[in-house]
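The questions below go through one protein model, from its surface to its sheet and its salt bridges.

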Amino acid sequence: MHDHTSEHLTSYADVLAGELPDTWTSSHLPPGAKGDLAELADRIWDLDLIAESLSDHPLQEAAVLGRPDGAQLVVVNRHDGRDGFLIAAVAPHALPDEAYCGVHEPNGIALADDPFLSAEQVAGDLLARYDTALARVRHNALEGIQPSQPDRVVLAWQQDGSVAAASVGDTAGAVLEAHGFIQDPQTGIYRLTADDTRTQARALRAIGPQLDALGIGTALQHPSGRIVPTTAPVSMPPASATRTPAARAR
């Protein structure tokens, strides 16, 4: 049986990434990267084999495989005395929890200690289920968001307290990104989280005048779907307001 050192995990993941269809890169999260490992563990999209393993053995290190469209897979050590590794899909971090409702988890699988054979297994099983789940949650994320126009950005409140904008041009997109919006590479949706409502409020107050100076208006879409055009800074609830994100069905 192989001793699964960090070097073995890293080299295995490097070979696996090179054998998967499309273009994948591999990076290693060492034991010292506690914050990154905790954030990654929270996004592992599994309620079966990998979830059971992590419940007994919290994530100590991992290899993350990434695709240009934002898809990610994570390779972790096994703790059942067998050769090989476990691999799981990673949920996108820029989508609201509501987008996952009704979407089955693309549960992970166990891999043999041969990255070449494992690549075939991943491509024919996990990747197919992951891509289907990704397409569904990204489609769900688009529902209820009115598209922006070249001369107007529509900012849509979401149920989790975040603010989203779709079909935003490069000029307006640069302004949004400068104020903390994150763009999902697959859907193109820009999203500003509600993790810090004061920061969110300051960002939205600043966006209106900057877009207006570029000849781009802003409009606020309320949860009901009603659009309110405005040339003034986007109105916000009190900064002290608290919001409880909906539980993600993963």
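Q: What share of the area that the protein exposes do carbon and sulfur atoms supply?
A: This is a predicted model, in which local features need pLDDT of at least 70, side-chain atom pairs count only at pLDDT 80 or more, and totals for chains, interfaces and linings use all residues. Residues are numbered from 1 along each chain as its sequence is written, and side-chain values use heavy atoms, with hydrogens and water left out. Accessible areas come from the Shrake-Rupley method with a 1.4 Å probe, and for residues only the protein chains shown count as cover. The protein exposes about 12,100 Å², and the share from carbon and sulfur atoms is 51%.

Q: Which strand has the lowest mean pLDDT among the elements of the protein?
A: pLDDT is the predictor's confidence in each residue, from 0 to 100, and the protein averages 85. Helices (H or I, at least four residues) and strands (E, at least two) are DSSP runs, numbered from the N terminus. The highest mean, 97, belongs to strand β2 (residues 62–66), and the lowest, 50, to strand β11 (residues 227–230).

Q: Which are the edge strands of the open sheet of five strands?
A: Two strands pair if DSSP finds at least two bridges between them. The sheet has the order β1-β2-β3-β4-β5, with antiparallel pairing. Pairing on one side only marks the edge strands, β1 (25–29) and β5 (109–111).

Q: At what angle to β4 does helix α3 run?
A: Axes are lines fitted to C-alpha atoms, for helices over the stretch in contact (heavy atoms within 4.5 Å), and angles run from 0 to 180 degrees between N-to-C directions. Helix α3 (residues 49–56) lies across β4 and β5, and its angle to β4 is about 110°.

Q: Is Arg67, the salt-bridge partner of Asp22, buried or exposed?
A: A salt bridge is a side-chain nitrogen of Lys or Arg within 4 Å of a carboxyl oxygen of Asp or Glu; between Asp22 and Arg67 the closest N and O atoms are 4.0 Å apart. Buried means under 20% relative accessible area, exposed over 50%, and partly exposed in between (1.4 Å probe, protein chains only). Asp22, at 60%, counts as exposed. Arg67 has a relative accessible area of 12%, so Arg67 is buried.

Q: How many residues apart in sequence are the parts that Arg138 and Asp184 tie together?
A: Arg138 and Asp184 form a salt bridge with closest N and O atoms 3.6 Å apart. Because Arg138 lies in helix α4 (residues 115–142) and Asp184 in the loop between β8 (182–183) and β9 (190–192), the parts that the pair ties together are apart in sequence by 46 residues.
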